[in-house]
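Biologist: I'm new to reading protein structures. Could you walk me through one, feature by feature?
Modeller: Sure, let's put it on the screen and go piece by piece.

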Amino acid sequence: LLHSCCGPCSSYVIEYLSSYFHITVFYYNPNISPYEEYHKRVEEQKRFLTAITPPNPVRFLEGEYTPDCFFEMAKGMENLMEGGERCFRCYELRLRETAKTAKEKSFDYFTTTLSVSPYKNAQKLNEIGGKLSKEYEIPYLYSDFKKKNGYLRSIQLSKQYGLYRQNYCGCVFSIQKDM
């Protein structure tokens, strides 16, 4: 089960992992605001999946859009800098739902596309994934997909498929930072 934050970040990860696995892309991102942006990103993810011909099957599963749980998690951390504790807790929120879903649906592994971004902390993602792996008793696929030109390849694939590349992570706090 591959948690995906967006089509562009998933592009290289799917290209790489689909040589080894049958993948279900799990789109769970309650952090994305406003709803129109969430909807645009989920539709772009679906469009990308219909445009590719991977070596092994890739399916799509959309999680529930629950922005209230993100805002509850972020309470008291609204003014923290991007890339800090609020982001780490957001990683955990999304990875927890991924691990839970992977366990419930009997997947062999779970992981996330988040580590392809140079703005995301792969070490922290792997730490959280490892912790949740033990908690839910399902293997986590440790990764740093930005390595070996993974991020560069995601940019190339985004251009090739004409993917919408957003200019903020998705949460309202990152929008405010850019204004």
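**Reading the model, feature by feature**

Modeller: Let's start with a loop: S106 sits in the loop between α4 and β4. Keep in mind that this is a predicted model.

Biologist: What sign does phi have at S106, positive or negative?
Modeller: S106 has a positive phi, about 60 degrees, although this residue is not a glycine. S106 is also exposed, with a relative accessible area of 61%. K148 is another residue to look at: its phi is positive too, about 55 degrees, and K148 is not a glycine either. You'll find K148 in the loop between α5 and α6 (150–161). Its relative accessibility is 80%, so K148 counts as exposed.

Biologist: While we're on loops, which two residues does a cis peptide bond join?
Modeller: That bond links S33 and P34, with omega at about -10 degrees. P34 belongs to the loop between β2 and α2.

Biologist: Now the sheet. In what order do the strands come?
Modeller: Read across the sheet, from one strand to its neighbour. Here four strands make an open sheet in the order β3-β2-β1-β4, with parallel pairing. The edge strands are β3 (58–62) and β4 (111–112); each has a single partner strand, so one side of each lacks a neighbour in the sheet.

Biologist: How many bridges join β1 to β4?
Modeller: Two bridges connect β1 (residues 2–3) with β4, and these strands run parallel. Take L2 as your landmark: its bridge partner in β4 is T111. Now turn to β2: β1 pairs with β2 over two bridges, also in the parallel sense. There L2 stands opposite V25 of β2.

Biologist: What about the side chains of a strand, where do they point?
Modeller: In a regular strand, side chains alternate between the two faces of the sheet. For β2, I23, V25 and Y27 lie on one side and T24 and F26 on the other, and all of them are buried, so both faces are covered. Five of the five residues of β2 are buried, so the strand is largely enclosed by the rest of the structure.

Biologist: Which helix lies across β2 and β3?
Modeller: That's α2 (residues 35–51), which lies across β2 (23–27) and β3 and runs at about 165 degrees to β3.

Biologist: Let's go inside. Why do people look for a nonpolar core?
Modeller: Because in soluble globular proteins, nonpolar side chains tend to be buried together. In this model the largest nonpolar core has 43 residues, and I14, F70 and F110 have the most contacts inside it. The elements giving two or more residues to this core are α1 (7–17), β2, α2, α3 (67–74), α4 (85–104) and α5 (122–136). The largest share, eight residues, comes from α4.

Biologist: Which residues is F70 in contact with, leaving aside its neighbours within four places in sequence?
Modeller: F70 is in contact with P30, N31, C90, L93, C171 and F173.

Biologist: And how do I describe two helices packed together?
Modeller: Two packed helices are described by the angle between their axes and the distance between the axes. For α4 and α5, the axes come within 9 Å and cross at roughly 35 degrees. The crossing of α4 past α5 is right-handed. On the α4 side, the residues making contact include F88, Y91, L95 and A99, while on the α5 side they include L125, I128, L132 and Y136. By class, this contact has eight nonpolar, one polar and seven charged residues.

Biologist: Last one: is S11 buried or exposed?
Modeller: Buried means under 20% relative accessible area. S11 is at 1% relative accessibility, so S11 counts as buried. S11 is found in helix α1. Leaving aside neighbours within four places in sequence, S11 is in contact with F48, S154, L157, S158 and L163. E15 also has its place in helix α1, but at 32% relative accessibility E15 counts as partly exposed. Not counting residues up to four places away in sequence, E15 touches R153 and L157.

Biologist: How far apart are the C-alpha atoms of E15 and S117?
Modeller: They are separated by 16 Å, and the two residues are 102 residues apart along the chain.

Terms used
Residues are numbered from 1 along each chain as its sequence is written. This is a predicted model: local features need pLDDT of at least 70, side-chain atom pairs count only at pLDDT 80 or more; totals for chains, interfaces and linings use all residues. Side-chain values use heavy atoms; hydrogens and water are left out. Two strands pair if DSSP finds at least two bridges between them. Contact means heavy atoms within 4.5 Å. Axes are lines fitted to C-alpha atoms, for helices over the stretch in contact, and angles run from 0 to 180 degrees between N-to-C directions. A nonpolar core is a set of buried Ala, Val, Leu, Ile, Met, Phe, Trp, Tyr and Cys residues joined through side-chain atoms within 4.5 Å. Buried means under 20% relative accessible area, exposed over 50%, partly exposed in between (1.4 Å probe, protein chains only). A crossing is left-handed if the near helix is turned anticlockwise from the far one by less than a right angle, and right-handed if clockwise. Ala, Val, Leu, Ile, Met, Phe, Trp, Tyr, Cys and Pro count as nonpolar, Asp, Glu, Lys and Arg as charged, and the others, Gly among them, as polar.
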